[in-house]
Amino acid sequence: MKKTLLAVAIPTLLIASTANAYELINEEGKFVDFYGQLRTQIEKMDGTDVSINAGASRAGVNAKYAVNNDLDVVGTVEFGIGYSEGSYDMANRLHYAGFATQAGTFTFGRQWISTEDVWGADYSYYFGGSGIGGVSEFVSGGRHDSSIKYVYEGESFWVNGTFGLSEDDTNNELAELYAGTSFGGLSLHVGGGTSRDKDFATVADVENTFFEGTAEYSFGAATIGLTYINGSAEQKDGSLSLDSDNIMLAGMYSLNSQASIYGGYELTNYDVNTGRSEDYTVAYLGTVYHLNSWSRAFVEVGYSDGTTVGYTNEGSDLVVDPGEHDGETSFIVGYRVYW
């Protein structure tokens, strides 16, 4: 479940984030906190046995120091601390530093790209996000090792953009920009960008251009969201191109201050210049219960059908292989503890 959109849609009580972090330093002009989340989940994916893993657990440190009244220096380092069957590795997830002013925040290093920050109409904890991963992030992925990010957050208007350096083609080239606003119960954002990888999987030099627009409306205890994404990926020698259109429709309803139900439907159409056209469908339904502000449990069922180019949901660590998925039904039961 992500990210910028939901900050407007869900009551503060239901959001467990760095607000629960342990403050290492909190005094005038100095702030350092230790944050993280432990994830344990039971999965039953279609065609596999039941498994238990840590589901992208992580921990990190945020730091912010005032230089003067108009300038702060900021930094974050984060490590993945999860496990999967046969693997107990700790890996660096984020590593960036920068400065914050009244005109916005600039950060440099390994960080989530703007598309990953902004996301779209996806209220799932695990199975959603096929349009973001399979269209907007098809070439770029959700993270960039050598990026420059700018974020401005006003009272009712925000901007988020990322520029990624290729560094002698060891990374993908990336440029993207999003802007959004909200008034009353309605939140809107639009944006897009381009990414290019000269060594993409088994295909050389692929460029992806994408556009995304999202509208979300909250009324009473309910929230609905709609996202449209268009992408065009092409091999630069002109031998292959792939046009994609995706619609993500999602809804969420708070039963009370602790429990919510949610669901979504996502449809992606792929058109290849060879004349081939394929559809890929994802649907999910789930419920979440917040035991308190720093822990929650959820149950989610996912359904997929059709042919996909494959994608990764960085937030849940869900990896969907390219190829045909024939009416596959999976489920997950998860528990998370935040600090």
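This is a short tour of some strands, salt bridges and loop residues to select in your viewer.

Before you click, note that the model is predicted: local features need pLDDT of at least 70, side-chain atom pairs count only at pLDDT 80 or more, and totals for chains, interfaces and linings use all residues. Residues are numbered from 1 along each chain as its sequence is written, and side-chain values use heavy atoms, with hydrogens and water left out.

**Stop 1: three strands**

Select residues 259-272, strand β15, together with residues 277-292, strand β16. Strands here are DSSP runs of E with at least two residues, numbered from the N terminus, and two of them pair if DSSP finds at least two bridges between them. β15 and β16 run antiparallel and are joined by 13 bridges. To see one of these up close, pick Asn 269, whose bridge partner in β16 is Asp 279.

Now slide along to the turn. Four residues sit between the strands of the β15 and β16 hairpin, and there Gly 275 has a positive phi near 100 degrees.

Add residues 295-308 to get strand β17, which pairs with β16 over twelve bridges, again in the antiparallel sense. The hairpin that connects β16 to β17 does so through two residues. Show Tyr 280 and look across to β17: opposite Tyr 280 stands Gly 306. While you have side chains on, remember that in a regular strand they alternate between the two faces of the sheet.

**Stop 2: salt bridges**

Searching the whole structure turns up ten salt bridges. The criterion is a side-chain nitrogen of Lys or Arg within 4 Å of a carboxyl oxygen of Asp or Glu. For how open each partner is, read buried as under 20% relative accessible area, exposed as over 50%, and partly exposed as in between, with a 1.4 Å probe and protein chains only.

Start with Lys 30 and Glu 27, whose side chains meet in a salt bridge at 3.8 Å, N to O. Lys 30 is partly exposed at 39% relative accessible area, and Glu 27 is also partly exposed, at 46%.

Next, select Lys 198 and Asp 169, a salt bridge with its closest N and O atoms 3.8 Å apart. Lys 198 lies in the loop between β11 (186-197) and β12 (206-219), while Asp 169 lies in the loop between β9 (157-164) and β10 (173-183), so the pair ties together parts that are 29 residues apart in sequence. Lys 198 is partly exposed, with a relative accessible area of 35%, and Asp 169 is partly exposed with 38%.

Then go to Asp 205 and Arg 196, where the closest N and O atoms of the salt bridge are 2.8 Å apart. Asp 205 counts as buried, at 17% relative accessibility, whereas Arg 196 is partly exposed at 22%.

Finish this stop by showing Glu 207, Glu 234 and Lys 236 together: they are linked in a network of salt bridges.

**Stop 3: positive phi outside glycine**

Return to the loop between β9 and β10 and select Glu 167. Glu 167 is not a glycine, yet its phi is positive, about 50 degrees. This residue is partly exposed, with a relative accessible area of 43%.

The last selection is Asp 317, in the loop between β18 (311-313) and β19 (318-320). Its phi is near 65 degrees, a positive value in a residue other than glycine. Asp 317 is partly exposed, at 37% relative accessible area.
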